[in-house]
Amino acid sequence: MSNETNNKEGVSRRNFLSLASWGAAILASIPVVGGSLRMMKPTVHYEESTKFKIGTTENFPIGTIRKLDDQKVFILSDDEGLYAISAVCTHLGCIVFKTELGFQCPCHGSRYNERGKVIAGPAPRALPWFEITQDVNGTIIVDASKEVPQGTKYKFV
């Protein structure tokens with residue numbers, strides 16, 4: 001008799017609560033499943049490495065001044081050692097070029113001395129110097145993400 005009553009009324013209270021709880025469970029699991037699927041695809045933004053190899057010490061005899069256009073850096077060598085100076089002007093980011101007295105920016109005329117110190121122009125600060133290391137194979141590595149004080153030179157064997 002009660003079955004007949006339930007059929008006449010449509011969905012029983014028990015069935016309604018059962019369906020509602022299943023629906024709530026499914027709705028609650030959507031963010032969990034979505035988050036899990038999102039974690040399967042990494043959100044990595046690839047950038048160029050700030051470390052790069054420049055060869056061995058034999059490539060940079062004393063008196064060498066070499067501009068690495070791809071890396072935007074000058075590698076210089078003198079009797080005190082090897083050092084790397086940024087080729088990016090500290091004013092607006094133009095690429096400086098080497099002159100007899102140091103470096104000069106072609107965009108707004110900032111001039112730097114041989115050590116990268118500002119001697120004229122709108123540049124607010126000196127050209128940064130970068131850390132240089134040597135790996136076990138003797139390859140010289142420049143790390144453009146690590147600035148070192150001006151005048152820091154590296155001697156390698």
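Author: One term before we start: a strand is a DSSP run of at least two E residues, and strands are numbered from the N terminus. With that in hand, Thr139 can be placed in the loop between E9 and E10. Keep in mind that this is a predicted model.

Reader: Okay, what makes Thr139 count as buried or exposed?

Author: The cut-off for buried is under 20% relative accessible area. Thr139 has 17%, so it is buried.

Reader: And which residues does Thr139 touch, leaving out those up to four places away in sequence?

Author: Lys53, Gly55, Thr56, Thr133 and Gln134. To be called a contact, heavy atoms have to come within 4.5 Å.

Reader: How do you know that E9 and E10 pair?

Author: Pairing takes at least two bridges between two strands. Strand E9 (residues 129–134) and strand E10 (residues 140–148) are joined by six, and they run antiparallel. One of the partnerships is Ile132 with Val142 in E10, while Glu131 stands opposite Asp143. The two strands make a hairpin with five residues between them, and Gly138 in that turn has a positive phi of about 90°.

Reader: What about E4 and E9: how many bridges do they have?

Author: Two, in the antiparallel sense. The definition asks for at least two, so E4 and E9 count as paired. Ala84 has Phe130 in E9 as its bridge partner.

Reader: Which order do the strands take in the six-strand sheet?

Author: The order is E1-E10-E9-E4-E3-E2, in an open sheet with antiparallel pairing. At the edges you'll find strand E1 (51–55) and strand E2 (65–68), each pairing on one side only. From one strand to the next, the twist averages 30°.

Reader: There's a four-strand sheet too. Why are E5 and strand E8 (118–120) said to stand at its edges?

Author: That open sheet runs E5-E6-E7-E8, again with antiparallel pairing. E5 and E8 each have a single partner strand, so one side of each is left without a neighbour in the sheet. Further in, E6 and E7 pair over three bridges, and Gly102 has Asn113 in E7 as its bridge partner.

Reader: On to the cysteines. What makes Cys94 and Cys107 a disulfide?

Author: The sulfur atoms have to be within 2.5 Å. For Cys94 and Cys107 the S to S distance is 1.9 Å, so the pair qualifies. The angle about the S-S bond is -105°, and the link is left-handed. Cys94 lies in the loop between strand E4 (81–86) and strand E5 (97–98), and Cys107 in the loop between strand E6 (102–104) and strand E7 (111–113), so the link ties together parts that are 13 residues apart in sequence.

Reader: Which is Cys94, buried or exposed? And what does Cys107 count as?

Author: Cys94 is at 17%, so it falls under the 20% cut-off and counts as buried. Cys107 comes out at 40%, which lies between 20% and 50%, so Cys107 is partly exposed.

Reader: How do you know that Cys89 is in no disulfide?

Author: Its nearest cysteine sulfur belongs to Cys105 and is 3.7 Å away. A disulfide needs the sulfur atoms within 2.5 Å, so this pair doesn't make it. The same distance applies to Cys105, whose nearest cysteine sulfur is that of Cys89. Cys89, at 4%, is buried, and Cys105 is buried as well, at 2%. The count by this rule comes to one disulfide.

How values were computed: Residues are numbered from 1 along each chain as its sequence is written. This is a predicted model: local features need pLDDT of at least 70, side-chain atom pairs count only at pLDDT 80 or more; totals for chains, interfaces and linings use all residues. Side-chain values use heavy atoms; hydrogens and water are left out. Axes are lines fitted to C-alpha atoms, for helices over the stretch in contact, and angles run from 0 to 180 degrees between N-to-C directions. Buried means under 20% relative accessible area, exposed over 50%, partly exposed in between (1.4 Å probe, protein chains only).
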